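User: Please take a close look at a single part of this model and describe it in one connected account. After that, set it in the context of the rest of the chain.

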Amino acid sequence: MGVLTKEQIIEMIRERGGLSKNEVERRIREIASREGISEHAAALILAEELGVNLETEGETLHIADLVPGMRGVNVVAGVLRKYPPREYTKKDGSKGLVANVILYDSTGKTRLVLWDGLVTKYYNELDRGSVVKIIDPVVKEGRNGVELHANFRTRIIIDPDDPRVAEIPPIEEVRSYSYQRKSIGDLVDGDRFVEVRGTIVRLYRVTAYDACPQCRKKVDYDPSTDAWICPEHGEVQPVKVVIFDFGIDDSTGYIRVTLFGDAAAELIGENPEEIAGKLKKLVEDGLTLREAGRKMAEEEYYHLLGKEIVVRGNVLEDKFLGLMLRASGWDEVDPRREISRVRAELKGILRELV
């Protein structure tokens, strides 16, 4: 899909929206002035408001086919999960919003990142289990794989009239997408895409760091330029990313889990900025960051002890700590899903016996 010029958009609105060229241009200028954006971006917003379809024949791809750097592609996917929007500070000191939504199709999962006005516009419409079509997102490399970033050119259609909708599996079949359930006692170094069901029995620490909003890697502050620098993306406005370390037990063994990002903040039940603020206060009171992280985990989040969850990720052997699960996500234990899993396992055993 090529990028339409402002003039092309105006002509399409005029033809399909029933407005004169002068009226279209006047309304574009009003939107540009009101939103503080370019007239090109305002033209796209006007087309959306009028219901004028600007879509050309972009290629619709499966999630597994996405490659960082792609543009002009469409993706039809289901909404698996969405995380609460959070604030970040822009270069001019004003506050912005960013929200992450996990999408899936028959080939895999990906993260959709919404920024600022797009959070207000789309976030509440993206219900878990709904199917959407993402038109012309930017495809980037994220911390856990390929991500879709929506910008002013991106359109999101809820319940689209598209043949790919029939390919989207029911959400109940996708909760453990690409992950193999294992007991802790069976885990070995190098296990990838595994999920474990266990009870939280120990809390180690919680921490938060300043990260690049695009790749989620740690950024450093350069006092000489008064800027935050990402090794990959240069000067950025950082967002807070949470890391939560805890231990789980499933009666076959025990393993330490490190959970990252929005999933960690969701399990804790606070947004990253709140967590970072509490840590900062404890450090200002004289604790080291490590001490503050331990104190918060033990005293603020003790209510998580005894909570049974399912965590997903990869297993690695730490030189000092032994086996660890580097987790990318977690879920509440779903009784219906667990019953279905046991039934499927029993059917497999019976087939082998026959």
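Analyst: **A helix pair and its surroundings**

In this predicted model, helix 6 and helix 7 are oblique to each other. The axes of helix 6, which covers residues 272–284, and helix 7, which covers residues 289–300, come within 9 Å and cross at roughly 120°. An angle of 65 to 115 degrees would count as roughly perpendicular and one over 145 as roughly antiparallel, so the pair falls into the oblique class. The crossing of the two helices is right-handed.

On the side of helix 6, the contact is made by Ile275, Lys278, Leu279, Leu282 and Val283, which meet Leu289, Ala292, Gly293, Lys295, Met296 and Glu300 of helix 7. Sorted by class, this contact between helix 6 and helix 7 has 7 nonpolar residues, 1 polar residue and 3 charged ones.

The pair belongs to a protein with 8 helices and 18 strands, whose C-alpha trace spans about 70 × 65 × 30 Å along its principal axes. Of its 354 residues, 47% count as buried, and among contacts with a separation of 6 or more, 62% link residues 24 or more positions apart. An individual pair that is distant in sequence is Glu35 and Gly117, which are 82 residues apart along the chain while their C-alpha atoms are 9.4 Å apart in space. Glu35 is found in helix 2, residues 21–35, and counts as partly exposed because its relative accessibility is 45%.

Helix 3, residues 39–50, offers a check on helix geometry: its 12 residues should span 16 Å at 1.5 Å a residue, and its end C-alpha atoms are indeed 16 Å apart, so the two values agree. Buried residues in helix 3 are His40, Ala41, Ala42, Ala43, Leu44, Leu46 and Ala47. Just after this helix, Gly51 takes a positive phi of about 75°.

Positive phi values also occur at two aspartates. Most residues other than glycine have a negative phi. Asp159 nevertheless has a phi near 50° and lies in the loop between strand 9 (155–158) and strand 10 (180–181), where its relative accessibility of 58% means that it counts as exposed. Asp226, with a phi near 55°, is placed in the loop between strand 12 (220–222) and strand 13 (227–230), and it counts as exposed because its relative accessibility is 57%.

Key: Residues numbered from 1 in each chain as written. Predicted model: local features only at pLDDT ≥ 70, side-chain atom pairs only at ≥ 80, totals over all residues. Heavy atoms only, no water. Axes fitted to C-alpha atoms, helices over the stretch in contact; angles between N-to-C directions. Helix = DSSP H or I, 4+ residues; strand = E, 2+ residues; numbered from the N terminus. Parallel < 35°, antiparallel > 145°, perpendicular 65-115°, else oblique. Left-handed = near helix turned anticlockwise from the far one by under 90°. Contact = heavy atoms within 4.5 Å. Nonpolar A, V, L, I, M, F, W, Y, C, P; charged D, E, K, R; others polar. Expected span 1.5 Å × (residues − 1). Buried < 20%, exposed > 50% of the residue type's maximum accessible area, 1.4 Å probe, protein only.
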